[in-house]
Amino acid sequence: MSNELKTTEKLTKKDINNAALRYMFMACNTFNYENQQGPAVVYGLNKALRKIHPDDKDYQASLNSHFNYFNTTTPMANILLGASLAMEEADGAEAIDTVQKFKTGMMGPLAGVGDTLIWVLYPTIMGSISGYMGLQGNPIGAIIWLVCNFLFLLFRFKLFHIGHTSGIKLVTALGDKLSVFTEAASIMGLTVVGALIPSVVHVNVPITFKTGKVKLPIQSEILDKIMPALIPAVLTFVIYKLIASKKFSTTQIIFIIIAFALVCSFFGILGV
């Protein structure tokens, strides 16, 4: 990584604000269950990425990378996307894989922080104050809520700039250690995804083995004793293999799962 790349800035403040505005506008409007906020990320960053990557192949490679799965608390995403722009701005096409691993590794931890502070504490505290004043017939409650949301919008723009500045510092500070960092971020991302399996994927096997007066639930007394959430883990592994084989599209896999669930439910193998 050359010093020239580390210090060359191709994006202006206007470019950063434009990217932030475009992402925030589309963050939930193009949400889907295949790559979540991926299309919104591409829509938000594509103009800035075009300026960073004048070569068409590099630009297309960057867009394809950002189309991958991405999901975190939308305000916290501003930090990640600002940093992503900074990293590609600093090292060009060589940073594309690094950026993807960086986003994958950090979106989970930042979502935990963002969900707690932004989706729980902020609306609970300020919403309670504003709502109580509104119930008392005081219009100041509505004004407080509007002002708070306007200030929060400005804060989200600031987060994008903070991410961009920190991203440049990150690349500069890590230097040759960047590969170690990306490997650590990748491991963190896999850990987060692994931890999500038992809480998101639910499979219930109601079959109970009976002999005489003995009743033995297959799932709770056998499968879960071998490993908690064993069936969700196996199901996730099988689906991952199907996706990796590239023989089935995501839509086809969804229909396969639905058909499999219906058949197993009919024969009493799976339950609600």
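How many helices and strands does the secondary structure of the chain come to? I looked this up before anything else, and I found eleven helices and two strands. Here helices (H or I, at least four residues) and strands (E, at least two) are DSSP runs, numbered from the N terminus.

**Ground rules**

I noted that this is a predicted model, where local features need pLDDT of at least 70, side-chain atom pairs count only at pLDDT 80 or more, and totals for chains, interfaces and linings use all residues. I also noted that residues are numbered from 1 along each chain as its sequence is written, and that side-chain values use heavy atoms, with hydrogens and water left out.

**The whole chain**

I read the elements along the sequence and wrote down α-α-α-α-α-α-α-α-β-β-α-α-α. Then I looked up burial: of the 272 residues in the chain, 35% are buried. Buried means under 20% relative accessible area, exposed means over 50%, and partly exposed is in between (1.4 Å probe, protein chains only). The accessible surface of the chain is about 16300 Å², and 67% of this belongs to carbon and sulfur atoms. Such areas come from the Shrake-Rupley method with a 1.4 Å probe, and for residues only the protein chains shown count as cover.

**H3 with H5**

Two packed helices are described by the angle between their axes and the distance between the axes. I tried this on helix H3 (residues 38-52) and helix H5 (residues 74-91): the angle is about 25° and the axes are 11 Å apart. Axes are lines fitted to C-alpha atoms, for helices over the stretch in contact, and angles run from 0 to 180 degrees between N-to-C directions. H3 and H5 are therefore roughly parallel to each other. For that word the angle must be under 35 degrees; over 145 is roughly antiparallel, 65 to 115 roughly perpendicular, and the rest oblique.

Which residues meet here? On the H3 side I listed Val41, Leu45, Ala48, Leu49 and Ile52, and on the H5 side Leu81, Leu85, Glu88 and Glu89. Contact means heavy atoms within 4.5 Å. The residues of this contact divide into seven nonpolar, no polar and two charged. Ala, Val, Leu, Ile, Met, Phe, Trp, Tyr, Cys and Pro count as nonpolar, Asp, Glu, Lys and Arg as charged, and the others, Gly among them, as polar.

**H2 with H5**

Next I looked at helix H2 (residues 13-26), whose axis comes within 11 Å of that of H5 and crosses at roughly 140°. H2 and H5 are therefore oblique to each other. The contact joins Ile16, Ala19, Tyr23 and Met24 of H2 to Thr74, Ala77, Asn78, Leu81 and Leu85 of H5. I sorted this contact by class and got seven nonpolar, two polar and no charged residues.

**Two residues in helices**

Tyr59 sits in helix H4 (residues 56-66), and at 15% relative accessibility Tyr59 counts as buried. Leaving aside neighbours within four places in sequence, Tyr59 is in contact with Asn46, Leu49, Arg50 and His53.

Gln100 belongs to helix H6 (residues 96-135) and is buried, with a relative accessible area of 15%. With neighbours within four places in sequence left aside, Gln100 touches Ser65, Asn68 and Tyr69.

**Two loop residues**

Most residues other than glycine have a negative phi. I therefore made a note of Ala229, with a positive phi near 60°, in the loop between helix H9 (218-226) and helix H10 (230-245). Ala229 is partly exposed at 21%.

Lys246 also has a positive phi, about 60°, and lies in the loop between H10 and helix H11 (250-266). Lys246 is exposed, with a relative accessible area of 74%.
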